Amino acid sequence: MNHLSSTLPYIQESEILLEELLDQEELDLVVFNDDVNTFEHVINILMKVCKHSHEQAEQCTLVIHYKGKCAVKKGSKEELKPMCEAILDAGIQAAIS
């Protein structure tokens, strides 16, 4: 009984650390709607920055327009930060969440 109880906390701690690691890697790059940028501009930026196909960028742009925002990419903070900065530099509102 003592052996079993001593291994349980280790397993639980490992599971928690794994969940934290997975959470860190699954951040969203969110792009927000505005009344300034054209559909074509947003599509072109998503293709250039996020490496989306034209169809994928167009679909994201429609979601942004009708829903107010869209998670256009998932990844780690290190991966998404330069993409977010490039989108912001293009005059489009974006954030990592």
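Here are some exercises on a predicted model, each with a worked solution.

**Exercise 1. Get your bearings**

Work out how many helices and strands the protein has, and in which pattern they follow one another.

*Solution.* Start by counting: you should find 4 helices and 3 strands. Next, walk along the sequence and write down each element as you meet it, which gives α-β-α-α-β-α-β. Now for two overall numbers. The protein has 97 residues, and 26% of them count as buried. Then take the contacts between residues at least 6 apart in sequence: 66% of these join residues at least 24 apart.

**Exercise 2. Two helices that pack**

Describe how helix H2 packs with helix H3, and decide whether H2 is parallel or oblique to H3.

*Solution.* Step one is knowing what to look for: two packed helices are described by the angle between their axes and the distance between the axes. Step two is finding the helices: H2 covers residues 39–50 and H3 covers residues 54–67. Step three is reading off the geometry: the angle is about 130°, and the axes are 9 Å apart. That angle makes H2 oblique to H3. The crossing of H2 past H3 is right-handed.

Step four is listing who meets whom. From H2 come Phe39, Glu40, Val42, Ile43, Leu46 and Met47, and their partners in H3 are His54, Ala57, Glu58, Cys60, Thr61, Leu62, Ile64 and His65. Sort these by class and the contact of H2 with H3 has 9 nonpolar, 3 polar and 2 charged residues.

**Exercise 3. The loop between H2 and H3**

Take His52 and Lys51 and decide for each: buried or exposed?

*Solution.* First, place them. His52 sits in the loop between H2 and H3, and Lys51 is found in that loop too. Then check accessibility, using the cut-offs of under 20% for buried and over 50% for exposed. His52 has a relative accessible area of 6%, so His52 is buried. Lys51 comes out at 68%, so Lys51 counts as exposed.

Now look at what surrounds His52. Leaving out residues up to four places away in sequence, His52 touches Leu46, Met47, Ala57, Cys60, Val72 and Lys73. A polar atom of the His52 side chain also lies 2.9 Å from the backbone oxygen of Val72. As for Lys51, check its backbone: phi is near 60°, a positive value in a residue other than glycine.

**Exercise 4. Asn37 and its partners**

Find where Asn37 lies, and which residues its side chain reaches by polar contacts.

*Solution.* Begin with the place: Asn37 is in the loop between strand E1 (27–32) and H2. At 18% relative accessibility, Asn37 counts as buried. Next come the polar contacts. The side chains of Asn37 and Asp34 are joined by one of 2.6 Å, and the Asn37 side chain reaches the backbone oxygen of Gly91 at 2.9 Å. Beyond residues up to four places away in sequence, Asn37 touches Val42, Ala90, Gly91 and Ile92. To finish, compare chain and space: Asn37 and Gln93 are 56 residues apart along the chain, while their C-alpha atoms are separated by 9.9 Å.

**Exercise 5. His41**

Work out which residues His41 contacts, leaving aside neighbours within four places in sequence.

*Solution.* His41 belongs to helix H2. With a relative accessible area of 28%, His41 is partly exposed. The contacts you want are Ala90 and Ile92. One last distance: His41 and Thr61 are 20 residues apart in sequence and 9.7 Å apart in space, C-alpha to C-alpha.

Definitions and conventions
Residues are numbered from 1 along each chain as its sequence is written. This is a predicted model: local features need pLDDT of at least 70, side-chain atom pairs count only at pLDDT 80 or more; totals for chains, interfaces and linings use all residues. Side-chain values use heavy atoms; hydrogens and water are left out. Axes are lines fitted to C-alpha atoms, for helices over the stretch in contact, and angles run from 0 to 180 degrees between N-to-C directions. Helices (H or I, at least four residues) and strands (E, at least two) are DSSP runs, numbered from the N terminus. Angles under 35 degrees count as roughly parallel, over 145 as roughly antiparallel, 65 to 115 as roughly perpendicular and the rest as oblique. A crossing is left-handed if the near helix is turned anticlockwise from the far one by less than a right angle, and right-handed if clockwise. Contact means heavy atoms within 4.5 Å. Ala, Val, Leu, Ile, Met, Phe, Trp, Tyr, Cys and Pro count as nonpolar, Asp, Glu, Lys and Arg as charged, and the others, Gly among them, as polar. Buried means under 20% relative accessible area, exposed over 50%, partly exposed in between (1.4 Å probe, protein chains only). A polar contact is a pair of N or O atoms within 3.5 Å; within protein, one must be able to donate a hydrogen and the other to accept it, and residues adjacent in sequence count only if both atoms are side-chain atoms.
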